[in-house]
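Here are a few short exercises to work through with the viewer open. Try each task before reading its solution.

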Amino acid sequence: MKLFDIEAYRSWAEMELEQEKEVEEAEVAVQEAEDYLESDMESAMDEFRRFEEEMERMARSELESLERAAESARKMGNLFEKAATIASKMYMEAALNSATASMKTAWKGLSSIKVHPS
């Protein structure tokens, strides 16, 4: 019976040792899986950061382009306003000159008519 007891104890100890070895192997495998997952997540985050920076760079570039176009349109609008103002002043000046010339001609015509003394 003592031999059976010893054999059972030895078998139990062997199984316990094998189980501890399997637990350690499982822990190593889990740690490797966690490390791999963490590495992949870090790579994904790096890729996301690069994508985000590229999108920000593109958005900034587009905004600057729109600002340049708006500034150009504003300057062109100012030029058109000045041109319209100048054209309007020139038109008014020409109309005034024409009216003055007409009045002068009318006065000349009236002053050249002589009344006969009889």
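**Exercise 1.** Work out whether Glu-20 is buried, partly exposed or exposed, and find the patch that includes Glu-20.

*Solution.* Keep in mind that this is a predicted model. Start with the accessibility: Glu-20 comes out at 42% relative accessibility, so this residue counts as partly exposed. Next, place Glu-20 on the chain: the residue sits in helix H1, which spans residues 2–112. Finally, look at the company: Glu-20 belongs to a negative surface patch, together with Glu-14, Glu-16, Glu-18, Glu-22, Glu-24, Glu-25 and Glu-27.

**Exercise 2.** Check what the chain looks like over the annotated residues 14–76.

*Solution.* First, the record: an unreviewed UniProt entry labels residues 14–76 "coiled-coil region". Then the model: that stretch is 100% helix and 0% strand, with 92 Å between its end C-alpha atoms.

**Exercise 3.** Find how many residues separate Arg-49 from Asp-46 in helix H1, then trace the salt-bridge network they belong to.

*Solution.* Step one: the closest N and O atoms of Arg-49 and Asp-46 are 2.8 Å apart, a salt bridge. Step two: the two are three residues apart in helix H1, so about one helical turn separates them. Step three: run the same kind of check on Glu-71 and Arg-74, which form a salt bridge at 2.5 Å, N to O. Both of these lie in helix H1, again three residues apart, about one turn. Step four: shared partners link Glu-42, Asp-46 and Arg-49 into one salt-bridge network. As a tally, the structure holds five salt bridges.

Terms used
Residues are numbered from 1 along each chain as its sequence is written. This is a predicted model: local features need pLDDT of at least 70, side-chain atom pairs count only at pLDDT 80 or more; totals for chains, interfaces and linings use all residues. Side-chain values use heavy atoms; hydrogens and water are left out. Patches are made of residues with over 30% relative accessible area and no salt bridge: like charges are joined within 9 Å, nonpolar side chains (Val, Leu, Ile, Met, Phe, Trp, Tyr) within 5 Å. Accessible areas come from the Shrake-Rupley method with a 1.4 Å probe; for residues, only the protein chains shown count as cover. A salt bridge is a side-chain nitrogen of Lys or Arg within 4 Å of a carboxyl oxygen of Asp or Glu. Lys and Arg count as positive and Asp and Glu as negative; His and the chain ends are not counted. The place of a charge is taken as NZ of Lys, CZ of Arg, CG of Asp or CD of Glu. Helices (H or I, at least four residues) and strands (E, at least two) are DSSP runs, numbered from the N terminus. Buried means under 20% relative accessible area, exposed over 50%, partly exposed in between (1.4 Å probe, protein chains only). UniProt positions are given in the numbering used here, feature names are shortened, and annotations may be inferred rather than shown by experiment.
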